[in-house]
Structures are given as structure tokens and as C-alpha cells.
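Colleague: I should like to learn how features such as internal cavities and backbone angles are read from a model. May we work through one case together?

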Amino acid sequence: MLLSAAIAAILAVYTSQLIARPLQIVTSVARKITQESNFTLRANITSNDEVGTLATSLNQLVEWVGDYTQELKLAHQSLEQRVEERTQELELARQTLEQRVEERTQELQRTLQDLKEAQGQLIQTEKMSSLGQMVAGIAHEINNPVNFIYGNIECASDYTQDLLNLVTLYQKQYPNPIHLIEENIEKIDLNFIHKDLPNLLCSMKIGAQRIREIVLSLRNFSRLDEAEMKEVDIHEGLENTLLILNHRLQQEIEVVKKYGNLPLIECYPSQLNQVFMNILSNAIDALLEQKAHSVKSQKNIIISTLNIDNIYIKVGIRDNGSGILPEIKNKLFDPFFTTKPVGKGTGLGLSICYQIIDKHKGKIEVISELEEGTEFAIILPIKT
């Protein structure tokens, strides 16, 4: 009985170990899978009993969960990739939209600037057209009587000289005139008339010639009949412009001309005259503005011309005024920019000058230093 009991106990222990060991292995594998989330682990039990079936079922379940988890990971990665791609697309779309908005804004600003320039050009063109028509009309009306006066002065001078010669002859032939004639000679001071009358007629002739020159300059300056390009003498345009501005060139302003040997230039004459007029007017304004506080005794405007390799010509107009501030020098050619008081300037003059020079395929630049003066340098092709 003791032996049977011992054998029974041994069998009981062995049986419990045989059953508990596989269960412990399955439990350990299940716990490790849960803790580590490692779905590649398997319970290595191949028995055909209930524990083996349990291990096989656990392994199958772990495999299914692993597959499902892998699919979830792949789906998550795919979703993250799609979200990232979509985010990049949205960012690219935002940047593209911002770029298009910026380009559209710049285009609208350029359009607005072009409209302002066109408006300014139209206003100035209308003004110059009206001024040109008025000048041409006045020149035509003045020209006829001036030509009449100028032509008759020559005849009057000849007639007067003949009469003076006749009086001289009478004095020689009748050296002792009657008392009444002597009194009249003394009264009218015949000797003074004899000397002064030719000078008077000469002065009248010079004045009439001056008027003719002014009228011709007015007609040449307006050039309403020259809408197309033609070959002209730049020096003639400068001289005509100076003649128009002669009333503003006071005694303290000296114009120094340093003309080179220039060929005829292919251009729009009236438009270039407009450029010269604007720049010279600004130079005169700059010199007159410093009149009150300037220490310079003489104010100069130097006009120089130069032939550059028979391809270009250069026209420089320089004054010895107070110069231009550096911060506004780059704004001089902007439409409607002016440093003059309200009512004294429109800010269109230099802007239109720039457009005219650009139309002639040329260049215009400003060279200026404070208290050293300002120069406008114009480069023009001889043939456009």
C-alpha cells in the first residue's frame, strides 16, 4: 500500500508537470506578446492534446492579430503619406496663389502707372499742341507786318539818305540861307538829325530783324508741320529754345555754349525742343531759387554737344546751382513727382522728357552733387 501510494504520488506529480508545463509556456508566450507587442512570437507546442490545440489556436490568433496590425500600420503610413502629400499640394497651391496675387498686383500697379503716364502725356501733349498752334498763329500774324516793316525800312533808309544828301547839297550851294531858314535849322538841330537819323533807321532795321528771328524761332520751335522723323540740326533747336527763354536769362545767368561738330540727327524736332525747354527751364529755376542766399557771384548754364564715334551724339546741360538731394535723384523721372511748390510744377516735365528720349532709343541721366550743380546728359543715336 505504501508503494502504491508512492507510485501514485509520483504519477500525480509527473502528470501535473506534464499538464502544467505546456500551459506555463503558452501563458508566458501570451504575456510576452502582450507586453512587447511582438506578433512574431509563437508557442512552440506540437502535442495533439488540448494544450497543443490551445497553443495552435493562440498561434493562429497571434498571426491574425499580427497581420491585422501590419495592415493597420501600412494603412496608417499610407494615410500619413497622403496627408503629407495633400499638405504639400495645399502649400504649393498657397504659394502659387500668393505668387499669382503678387503678379496680378504688380500688373495692376504697372497698368495704373501706365495710365497715369498716358494721362500726363495726353495732358502735356494737348498743352503743347495748343501752345504750338497759338505760337504758330501768332508767328504768322506777326510775320506779315514785320516783313512789311522790314522791307520798307530799307526803302525809307534810301529815301532819307537821298533827302539828307539833297539838304547837304543845298547847304553847299546856298551857304548863306535867309534868316527864317537859319532859325528853323537851329530849331530842329539839323546837324544832329543828319547824324542820328541813319542810326535811328539802322536800329529800327536791327529791331525788325530781331523780331523776324524771334518769329522764325517760334515757328521752328513749334514745328507743327513736322510730325514725322526728319534730319535736323540739334544746335538750331537749342538756339531756338534759348531765344524763347531769353526773357528769363537775367544778367546774372550766363549761358556758355561748347558746341561740337555734329551731323544732322534723325528725330522728332518738336519733341526734342520740348526736352530742351523743360531741362533749361528747370536749370533757370534752380539758379533763380538760390539767388537770395547764394554766395556765387556768377550763375552759369553750360550747354555742350559731342559726337561719339559718328553713332551717337551727347547733349549736356549743366548748371552750377545747389544740386539735387541724393534721396530724390532717383525719383526725378517719376510721373507727378515735383519739388516745386503747389501751382508751380505738375511733375510731368522730366517724366515726359524721359519718355521722349526713350522713344528716340536714347538715354538720359542726371549727374548731381550738392553745392556743385546738376547736369542732364542726353545720349541720342544719329540714326534711329
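Colleague: Which residues lie nearest the centre of the largest cavity, and how many residues line it?

Modeller: A word on the source: this is a predicted model, in which local features need pLDDT of at least 70 and side-chain atom pairs count only at pLDDT 80 or more, while totals for chains, interfaces and linings use all residues. Residues are numbered from 1 along each chain as its sequence is written, and side-chain values use heavy atoms, with hydrogens and water left out.

Rolling a probe the size of a water molecule over the atoms shows where empty space is left. Here a cavity is a set of points, on a 1 Å grid over the protein atoms alone, where a 1.4 Å probe fits but cannot get out, and lining residues have an atom within 4 Å of a point. In this model 10 residues line the largest cavity, and Val232, Asp233, Gly237, Pro269 and Asn273 lie nearest its centre.

Colleague: How many cavities of 30 Å³ or more are there, and what volume has the largest?

Modeller: Grid points are joined across faces, edges and corners, and a volume is the space filled by probe spheres set on the points. The count is 1 cavity of 30 Å³ or more, and the volume of the largest cavity is about 60 Å³.

Colleague: Which helices supply the lining of the largest cavity, and of what character are its residues?

Modeller: Helices (H or I, at least four residues) and strands (E, at least two) are DSSP runs, numbered from the N terminus. Both α5 (234–244) and α6 (269–289) supply at least two residues of the lining, and α6 gives the most, with 4 residues. The lining of the largest cavity comprises 6 nonpolar, 2 polar and 2 charged residues. In this division Ala, Val, Leu, Ile, Met, Phe, Trp, Tyr, Cys and Pro are nonpolar, Asp, Glu, Lys and Arg charged, and the others, Gly among them, polar.

Colleague: Which residues of helix α8 are buried?

Modeller: An α-helix has 3.6 residues a turn, so residues three or four places apart point the same way. Buried means under 20% relative accessible area, exposed over 50%, and partly exposed in between (1.4 Å probe, protein chains only). In α8 (residues 349–359) the buried residues are Gly349, Leu350, Ser351, Ile352, Cys353, Ile356 and Ile357. Cys353 has a relative accessible area of 1%.

Colleague: Over which ring does the charged end of Lys359 sit?

Modeller: The criterion is that NZ of Lys or CZ of Arg is within 6 Å of the ring centre and within 35 degrees of the ring normal. The charged end of Lys359 sits over the ring of Tyr268, 4.5 Å from its centre.

Colleague: Where do Asp309 and Lys361, with their positive phi, lie?

Modeller: Asp309, which is not a glycine, has a positive phi of about 55 degrees. Asp309 is in the loop between β4 (299–308) and β5 (312–319), and is exposed at 66% relative accessibility. Lys361 takes a positive phi of about 60 degrees just after α8. Lys361 is in the loop between α8 and β6 (363–369), and is exposed at 63% relative accessibility.

Conventions. On a 1 Å grid over the protein atoms alone, a cavity is a set of points where a 1.4 Å probe fits but cannot get out, and a pocket is an open set with protein on both sides within 12 Å along at least five of seven lines; lining residues have an atom within 4 Å of a point.
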